[in-house]
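Colleague: Before I rely on any of the labels attached to this model, I would like to hear the reasoning behind them, one label at a time.

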Amino acid sequence: MDRPGFTASLVVACLIRVPSEVVKQRAQVSASSGTFHIFSNILCQEGIQGLYRGYKSTVLREIPFSLVQFPLWESLKALWSWRQDHVVDSWQSGVCGAFAGGFAAAVTTPLDVAKTRIMLAKAGSSTASGNVLSALHGVWRTQGLSGLFAGVFPRMAAISLGGFIFLGAYDQTRSFLLELGRERP
């Protein structure tokens with residue numbers, strides 16, 4: 001894995017992901033307002049910075065998540081391949097992706113909690129400033145370890161399902177393209 005290029009792609013992906021995540025999370029806690037209304041309010045009250053609140057914390061969550069998920073996925077595939085004495089099938093790669101994604105989700109949940117707190121904090125509050133360590137400390141102080149891991153099981157389930165589908169499909173597509181390349185010199 002090309003880590004500098006990979007990290008850069010995560011940073012760029014967050015440029016799109018973060019505004020949609022901010023609007024989605026605010027819509028979830030304010031069900032009476034429509035998505036466009038929430039989007040407009042963020043722009044009017046906080047400017048473009050409001051749409052990117054939590055950008056740093058999202059990147060700080062995504063990098064360790066990926067540094068855990070992808071090497072673990074590759075290691076699990078290698079172990080399974082070794083045990084069965086042939087390369088894993090796409091569905092087996094998906095199973096490995098589900099375990100790797102679930103584990104990465106579990107260990108990075110405190111960072112996800114901090115990101116969510118930062119995105120949902122009242123504008124102008126100390127949490128809204130985006131300091132991840134301060135947000136983590138605030139959760140620890142008020143809710144302890146259980147607060148840092150709030151939502152860990154739904155997060156693990158969702159990311160495990162995504163890991164199964166996306167990483168299994170990735171391996172299937174990769175195998176198909178490699179085979180296609182062998183057939184056409």
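Modeller: Gladly, with the reminder that this is a predicted model; let us begin with Trp140, which lies in helix α7.

Colleague: Is Trp140 called buried, exposed or partly exposed, and why?

Modeller: The relative accessible area of Trp140 is 48%, and since buried means under 20% and exposed means over 50%, Trp140 is therefore called partly exposed.

Colleague: What does Trp140 touch, and how do you know that these are contacts?

Modeller: Leaving aside neighbours within four places in sequence, Trp140 is in contact with Leu145 and Leu148, and the word is used because heavy atoms lie within 4.5 Å. As for Pro110, that residue is 30 residues from Trp140 in sequence, with the two C-alpha atoms 9.7 Å apart in space.

Colleague: Why is Gln92 described as buried, polar side chain or not?

Modeller: Gln92 has a relative accessibility of 5%, and buried means under 20%, so Gln92 counts as buried. Its place is in helix α5, residues 90-107, and, not counting residues up to four places away in sequence, Gln92 touches Trp80 and Gln84.

Colleague: And Ser81, which sits in helix α4: what makes that residue buried?

Modeller: The value for Ser81 is 18%, which is under the 20% limit, so the label buried applies to Ser81. With residues up to four places away in sequence again set aside, Ser81 touches His86, Val87 and Val88.

Colleague: Where does Asn131 lie, and why is Asn131 called partly exposed?

Modeller: Asn131 lies in the loop between α6 (109-120) and α7 (132-148). Its relative accessible area is 40%, and because partly exposed is the range between under 20% and over 50%, Asn131 is placed in that class.

Colleague: How do you know that the side chain of Asn131 makes polar contacts?

Modeller: The side chain of Asn131 reaches the backbone nitrogen of Leu133 at 3.1 Å, and a polar atom of that side chain lies 2.8 Å from the backbone nitrogen of Ser134. A polar contact requires a pair of N or O atoms within 3.5 Å, so the pairs with Leu133 and Ser134 meet the distance limit. By contrast, the C-alpha atoms of Asn131 and Arg182, 51 residues apart along the chain, are separated by 51 Å.

Colleague: What makes a set of residues a nonpolar core, and which residues form the largest one?

Modeller: The term is used because the residues are buried, of nonpolar-core types such as Val, Ile, Leu, Tyr, Met and Cys, and joined through side-chain atoms within 4.5 Å. The largest such core has ten residues, namely Cys14, Val18, Val22, Val23, Ile38, Ile42, Leu51, Tyr55, Val59 and Met119. Two or more residues come from each of α1 (3-29), α2 (35-46) and α4 (55-84), and α1 gives the most, with four. Ile42, one of the ten, is in contact with Val22, Val23, Arg26, Gly47, Gly50 and Leu51 once neighbours within four places in sequence are left aside. A second, separate core has eight residues, among them Val113, Ala114, Ile118 and Leu136.

Colleague: What, finally, is the secondary structure of the whole chain, and how much of the chain is buried?

Modeller: The protein chain comes to eight helices and zero strands, and of its 185 residues 37% count as buried.

Methods: Residues are numbered from 1 along each chain as its sequence is written. This is a predicted model: local features need pLDDT of at least 70, side-chain atom pairs count only at pLDDT 80 or more; totals for chains, interfaces and linings use all residues. Side-chain values use heavy atoms; hydrogens and water are left out. Buried means under 20% relative accessible area, exposed over 50%, partly exposed in between (1.4 Å probe, protein chains only). A polar contact is a pair of N or O atoms within 3.5 Å; within protein, one must be able to donate a hydrogen and the other to accept it, and residues adjacent in sequence count only if both atoms are side-chain atoms.
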